[in-house]
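I opened the coordinates and kept notes as I went. The entries follow the order in which I looked things up.

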Amino acid sequence: MIDRVYSMIGMAGKAGHAVSGEFSTEKAIKCGKACLVIIASDASENTRKHFFDMCAYRNIPICIYGNKEELGHALGKEMRVNLAITDRGLANSIRERIKEADAELR
């Protein structure tokens, strides 16, 4: 199940429905384009708080998933601390897969 989340993130990236990096993710959130924000589990507390506050203010779902290397690899890039999915259908599917993966780990 975990591989499925990363492959869906990769598909979103290839389709142009994912933005990554602090500046691009923040811009997508503020412009109302972000449908889901994903933060790496090894992100700093300041980064987590910053994005959680921004997403809470705008009612955008946010998940903590994977680590910097895995998220970057899924997008075919270097390490990525955060990313935003800009397609609602893909965002909902990824969110469901993350919930399933979390349930499997418990």
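**Nonpolar cores**

I began with the nonpolar cores of this predicted model. The largest one has 22 residues, and I9, I38, I85 and I94 have the most contacts inside it. I then looked up which elements supply this core: α1 (2-14), β2 (36-39), α4 (68-75), β4 (82-85) and α5 (88-105) each give at least two residues. I also found a second, separate core of twelve residues, with A34, I39, A43 and I60 among them. My background note here is that nonpolar side chains in soluble globular proteins tend to be buried together.

**I85**

I asked which residues I85 touches once its neighbours within four places in sequence are left aside. I listed A12, H17 and A18, then K33, A34, C35 and L36, and finally L90, A91 and I94 as its contacts.

**I39**

I turned next to I39, which I had noted in the second core. I located I39 in strand β2. Is I39 buried or exposed? I read 0% relative accessibility, so I39 counts as buried. With neighbours within four places in sequence set aside, I found I39 in contact with R48, F51, I62, C63, I64, Y65, L71, V81 and N82. I also took a C-alpha distance from I39 to L75, which is 36 residues away along the chain, and got 14 Å.

**Whole chain**

I counted the secondary structure of the protein chain as five helices and four strands. Read along the sequence, the order I wrote down is α-β-α-β-α-β-α-β-α. Why do I call the chain as compact as a globular protein of its length? I computed a radius of gyration of 12 Å, and the globule rule gives 13 Å for 106 residues; the two are close, so the description holds. Along the principal axes, I have the C-alpha trace spanning about 30 × 30 × 25 Å.

I checked burial over the 106 residues of the protein chain and found that 41% are buried. For contacts between residues at least 6 apart in sequence, I noted that 79% join residues at least 24 apart. The accessible surface came out at about 6100 Å², with 48% of it belonging to carbon and sulfur atoms. For charges, I counted 16 positive and 14 negative side chains, and I placed the centres of the two sets 7 Å apart.

**S7**

I picked S7 in helix α1. Its relative accessibility is 41%, so I entered S7 as partly exposed. I also took the C-alpha separation between S7 and C63, which lie 56 residues apart along the chain, and it is 16 Å.

**N59**

I looked at backbone torsions and flagged N59, which has a positive phi of about 55° although it is not a glycine. Where does N59 lie? I found N59 in the loop between α3 (45-58) and β3 (62-64). I recorded N59 as exposed because its relative accessibility is 71%, where the cut-off for exposed is over 50%.

Definitions and conventions: Residues numbered from 1 in each chain as written. Predicted model: local features only at pLDDT ≥ 70, side-chain atom pairs only at ≥ 80, totals over all residues. Heavy atoms only, no water. Core = buried A, V, L, I, M, F, W, Y, C linked by side-chain atoms within 4.5 Å. Buried < 20%, exposed > 50% of the residue type's maximum accessible area, 1.4 Å probe, protein only. Contact = heavy atoms within 4.5 Å. Rg over C-alpha atoms; globule rule 2.2 N^0.38 Å. Areas by Shrake-Rupley, 256 points an atom, 1.4 Å probe, with all protein chains shown as cover. Lys, Arg positive; Asp, Glu negative; His and termini not counted. Charge placed at Lys NZ, Arg CZ, Asp CG, Glu CD.
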